[in-house]
Amino acid sequence: MNKFYITTPIYYVNDKPHIGHAYTSVAADILARWHKSQGEEVFFLTGTDEHGAKVAQAAEKAGQSPKDFCDNRAQDFQDAWKLFNVKYDKFIRTTDAAHEAAIKRALQRMYERDFIYQGTYEGLYCTGCEQYKIADDLIDGKCPEHQVEPQLMKEESYFFKLSFFGRELAKRISNDELLIEPKERKSEVLNFIRSGLNDISISRKNVKWGIPLPFDKEHTTYVWVDALLNYLTGLGWDGDNEKELKFWPADAQLMAKDIVRVHSTIWPGLLLALNQGFKLPKRFFVHGFFTINGQKMSKSLGNVIWPEEMVAKFSADASRYLLAASTPFGHDGDISWEKLTEKYNADLANGLGNLVSRVFNIIEKNFDGKIKAKKDKIDIAAEMENFKLYQALEKIIAKIDWANKKIDETKLWELVKTNKGEAQKTLAELLGAIIAIGEALAPFMPETAGKILAAAKAEKIQKREGLFPRIK
Ligand code: ME8
């Protein structure tokens, strides 16, 4: 049996989950469900990134202890995924005791293998990114992502010999042993690596909210080192037992473009530092960023779309559909309440919902609920294997449009009166199409697909209204 291990980034708990996070998680869920439907053994990992200065500051601002704050926020993320019907196999938290113990063991191992050494770091640090910046990263002296000036920091620190792995990583990425898609992202990463990787500071003396280094308790572990290894600890890795990890290597790691560099450098660098024979993840898929009405989503701009609002308005299934269908996966996309509503009404209310209700209605009224469906299939395998969720949905929508058009063109509601035999043939095709649509939609809209398939395959087909009521 093939296995399929898929991950999302583990999200920082300083922010509440918004639909940007939901985008990655829903996409991962769709892919996990698809692979399961192909008979593969799937492991889907997600979770929360809870250590570091940024989270500690957010906790202080909220007047909570870091631990309580993280517990609450981790729950918020789990609640959000429940709302979207995202079914992960494991939710990892970097404050889990088993994760912390594994990180300590891993650090000790890399230290003993001479990939960690002591030094002093002086540089500009952006807490928003939890990363040191160089002049080239800044625009007008500010971090372009967070619009703040990074702070100058000088401190004793431990370093990870990332520079040692530059050539090896460039080789393995350029020959697709670690496949980075879309290919523009692969080129970006390769240029970055080939311009020369520096060793990175991986410990902090002045950040208390973190995992202490096992060989120097005055330091805590740099949050990205702690976080990236979640993709192993989430599988039960204890810092040492990689031979027993059934699901490793990862088959698909999803992320947006903001974090592809760290994932393509520090992450595989750590794996090689732990064990030169460690397999690297097989594939990264890097998607774009959602903006709202052309602007970055941000709490201060007040334009954030929250999961609970979206699901309350459209339902879980329709929200999953809208996230996947609004933008080709891999590109940036702009959304707004208006655009989402318009798409909902066009594709789901007028498209799918209308199709099902018209066809079932005619079958119930004129054929006593009994029509034998003509076999049909929408082949989306190639799209799904290649993360082309949007294109898979386009194929499904094309079938819905085809079917609705067929009803109109054949004037089916008249045809049943003038030529019942011909109408029966057309309905057999339409019912077959509806079943094919239900099957193809299953990973995207599991509840709706279940309802459609159960109703379409019932002994007696019954009228079905209100699958997707029109929304203003
Ligand atoms: O970077 N559009 O966490 P994070 C699309 N903890 N995707 C978006 C988005 C948007 N507007 N906003 C967020 C971190 N995302 C680290 C990761 S992994 C070892 C550690 C999604 O909370 C997207 O997947 O900042 C992006 O890469 C991720 O959330 C960043 O989440």
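**Exercise 1. Cysteines and disulfides**

C70 is buried, with a relative accessible area of 0%, in this predicted model. Work out how many disulfides the model has, and examine C70 and C129 on the way.

*Solution.* Begin with the cut-off, since a disulfide is taken to be a pair of cysteine sulfur atoms within 2.5 Å. For C70, the closest cysteine sulfur belongs to C126 and lies 19 Å away, which is too far for a bond. Next take C129, where the nearest cysteine sulfur, that of C143, is 3.8 Å away, and C129 is in no disulfide. C129 also counts as buried, at 12% relative accessibility. The count under this rule comes to zero disulfides.

**Exercise 2. The six-stranded sheet**

Determine the order of the strands in the open sheet of six strands, and state which strands form its edges.

*Solution.* Start with the individual pairs of strands. Strand β1 (residues 3–12) pairs with β2 in the parallel sense over eight bridges, and within this pair I10 has G47 of β2 as its bridge partner. Strand β2 itself, which covers residues 41–49, is mostly covered, as eight of its nine residues are buried. Elsewhere, strand β12 (residues 252–256) and strand β13 (residues 283–287) pair in the parallel sense over four bridges, and A256 has H287 in β13 as its bridge partner.

Now place these pairs in the whole sheet, whose order is β3-β2-β1-β12-β13-β7, with parallel pairing. The edge strands are β3 (90–93) and β7 (179–181), each of which pairs on one side only. On average, neighbouring strands of this sheet are turned by 20° against each other, with direction ignored.

Finally, add the helices. Helix α1 (residues 19–37) lies across β1, β2, β12 and β13, and runs at about 170° to β1. Helix α6 (residues 183–194) packs on the sheet and touches β7 and β13, while its direction makes about 120° with that of β7.

**Exercise 3. Two packed helices**

Decide whether α5 and α9 are roughly parallel or roughly perpendicular to each other, and describe the residues through which they meet.

*Solution.* Two packed helices are described by the angle between their axes and by the distance between those axes. For helix α5 (residues 166–174) and helix α9 (residues 260–274), the angle is about 110° and the axes are 10 Å apart. Angles of 65 to 115 degrees count as roughly perpendicular, and α5 and α9 are therefore roughly perpendicular to each other.

The contact itself brings E168, L169, R172 and I173 of α5 together with S264, T265, P268, G269 and L272 of α9. Sorted by class, the contact of α5 with α9 has four nonpolar, three polar and two charged residues.

One of the residues of α5 deserves a closer look, namely R172. At 12% relative accessibility, R172 counts as buried, because the cut-off for buried is under 20% relative accessible area. Leaving out residues up to four places away in sequence, R172 touches E177, L178, L272, Q276, F278 and L280.

**Exercise 4. Q295 and its strand**

Find the strand that holds Q295, and say whether Q295 is buried, partly exposed or exposed.

*Solution.* Q295 is found in strand β15, which spans residues 295–296. With a relative accessible area of 41%, Q295 is partly exposed, because this class lies between under 20% for buried and over 50% for exposed.

Then consider the neighbours of this strand. Strand β14 (residues 290–292) and β15 pair in the antiparallel sense over two bridges, with Q295 in β15 as the bridge partner of I292. These strands belong to an open sheet of three strands in the order β15-β14-β16, with mixed pairing. Its edge strands are β15 and β16 (333–335), each pairing on one side only.

Last, look at the contacts of Q295, which touches L301, N303 and D334 when residues up to four places away in sequence are not counted. I211, by comparison, is 84 residues from Q295 in sequence and 36 Å from Q295 in space, C-alpha to C-alpha.

**Exercise 5. The partners of β6**

Identify the strands that pair with β6, and give the sense of each pairing.

*Solution.* Strand β4 (residues 116–126) and strand β6 (residues 151–160) pair in the antiparallel sense over 10 bridges, and G119 has S157 of β6 as its bridge partner. Strand β8 (residues 200–201) is joined to β6 by two bridges, and these strands run antiparallel. In this second pairing, F160 stands opposite I200 in β8.

Key. Residues numbered from 1 in each chain as written. Predicted model: local features only at pLDDT ≥ 70, side-chain atom pairs only at ≥ 80, totals over all residues. Heavy atoms only, no water. Buried < 20%, exposed > 50% of the residue type's maximum accessible area, 1.4 Å probe, protein only. Contact = heavy atoms within 4.5 Å. Axes fitted to C-alpha atoms, helices over the stretch in contact; angles between N-to-C directions. Parallel < 35°, antiparallel > 145°, perpendicular 65-115°, else oblique. Nonpolar A, V, L, I, M, F, W, Y, C, P; charged D, E, K, R; others polar. Pairing = 2+ DSSP bridges.
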